[in-house]
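Got your viewer open and a selection box ready? Let's take a walk through the model, one pick at a time.

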Amino acid sequence: MNPVGAFADRVALVTGGAASIGRAIVEDLAARGASVVIADRDGPAARKVASELGSRALAVEANVLDGASVSAMVQAALDRFGAIDFLVNNAGMLGPIKPLWETTDEEVARVFDLNVRAVFTCTRVVARHMMERKRGSIVTLASVAGKDGPKGMSIYAASKAAVIAFTKSWAKDLVAHGVRVNCVAPSLVGSTGMQGEMPDWFSSDSVGRIPMGRPATAAEVANVIAFLLSDEASFVTAACYDVSGGRAVY
């Protein structure tokens, strides 16, 4: 599937691409031959990844919560590579793990701003470019939490359920313009920033709910994303692909 060189004529923009799952996605796409735009609020980290990948990688310091920054991010990608074929909306956050009655409006707004509103902003800007070219593929990181609503994670789960829902709507909006839109729903992914934010008991409970008995690796998530971006998935749109080791409930 998608051997080395398969993406040699493609340009991928990955938000939150400097670390964790985002870095795994960037490295995977670059290994398949894509030119990659590593967009991250941590500019030095993004530049470090780009320097390791060589001339076909561009680091862009970007705040996806700010519309002007998003527009500048997209323009920097176009100035360097002339086009954007793939968009991976990876930037996101876990937020607080607490019961409903302890949550605050500020916590809800903070999680939804990054996990939902910022994805609208990024996708809206990139989709307009893709529509002009009549081609493109978009993948957003959802979560199995958006399907099964874990206890204590109502804010995060709701934000990822929104990702699944808007993926299906956007796919129908964009299908006539040659653009496919999908999302992936991982279960717990090992050795990531989000896992580090979880209490030990919560992380252990999450692993215990996975029939395969272990977390996913970032590379396993990146592999599924590469498939969905590729022409091998040419008849796949409006889909939510689980990378959950059997955990997903539907």
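How many residues of β1 are buried? Five of the five are, so β1 is largely enclosed by the rest of the structure. Here, buried means under 20% relative accessible area, exposed means over 50%, and partly exposed is in between, with a 1.4 Å probe and protein chains only.

Some housekeeping before the next click. This is a predicted model, where local features need pLDDT of at least 70, side-chain atom pairs count only at pLDDT 80 or more, and totals for chains, interfaces and linings use all residues. Residues are numbered from 1 along each chain as its sequence is written, and side-chain values use heavy atoms, with hydrogens and water left out. Helices (H or I, at least four residues) and strands (E, at least two) are DSSP runs, numbered from the N terminus.

**Stop 1: strand β1**

Select residues 11-15 and show side chains. In a regular strand the side chains alternate between the two faces of the sheet. In β1, Val11, Leu13 and Thr15 point one way, while Ala12 and Val14 point the other way, and all are buried. Now add residues 35-40, which is strand β2: it runs parallel to β1, and five bridges join the two. (Two strands pair if DSSP finds at least two bridges between them.) To see one of these bridges, pick Leu13 and look across to Val37, its partner in β2.

**Stop 2: Thr15**

Stay in β1 and zoom in on Thr15. Thr15 has a relative accessible area of 2%, so it counts as buried. What does its side chain reach at 3.0 Å? One answer is the backbone nitrogen of Asn90; the backbone nitrogen of Ala91 is also reached at 3.0 Å. These are polar contacts: a pair of N or O atoms within 3.5 Å, where, within protein, one must be able to donate a hydrogen and the other to accept it, and residues adjacent in sequence count only if both atoms are side-chain atoms.

Next, bring up what surrounds Thr15. Contact means heavy atoms within 4.5 Å. Leaving aside neighbours within four places in sequence, Thr15 is in contact with Ala39, Val64, Met73, Val88, Asn89, Asn90, Ala91 and Cys122.

**Stop 3: helix α4**

Select residues 105-133. This is α4, with 29 residues, and it reaches 40 Å from its first C-alpha to its last, close to the 42 Å expected at 1.5 Å a residue. (The expected span is 1.5 Å times one less than the number of residues.) Where does α4 bend by about 45°? Look at Asp113; the bend at a residue is the angle between axes fitted to the seven residues ending there and the seven starting there.

Slide along α4 to Met131. At 29% relative accessibility, Met131 counts as partly exposed. Its contacts, apart from neighbours within four places in sequence, are Leu174, His177 and Val179. Try a distance label from Met131 to Gly178: their C-alpha atoms are separated by 7.1 Å, with the two positions 47 residues apart along the chain.

After α4 comes Lys134, which is in the loop between α4 and β5. Its phi is positive, near 60°, in a residue other than glycine.

**Stop 4: Lys160 in α6**

Jump to residues 154-174, helix α6, and pick Lys160. Is this lysine buried or exposed? Lys160 is at 4% relative accessibility, so it counts as buried. Its contacts beyond four places in sequence are Asn115, Leu141, Ala142, Ser143 and Gly146.

**Stop 5: helix α9 and the loop after it**

Select residues 218-229. The end C-alpha atoms of α9 are 17 Å apart, which agrees with the 16 Å its twelve residues should span. Nine of those twelve residues are buried, among them Val221, Ile225 and Phe227. What covers the buried residues includes α1 (20-31), β4 (86-89), β5 (136-141), β6 (179-186) and β7 (240-243).

In the loop between α9 and β7, click Ala238. This alanine has a positive phi of about 65° although it is not a glycine, and at 17% relative accessibility it counts as buried.

**Last stop: two cysteines**

How many disulfides are there? The count comes to zero, taking a disulfide as a pair of cysteine sulfur atoms within 2.5 Å. Select Cys183: the nearest cysteine sulfur, that of Cys240, is 3.6 Å away. Both cysteines count as buried, Cys183 at 0% relative accessibility and Cys240 at 18%.

Methods: Expected span 1.5 Å × (residues − 1).
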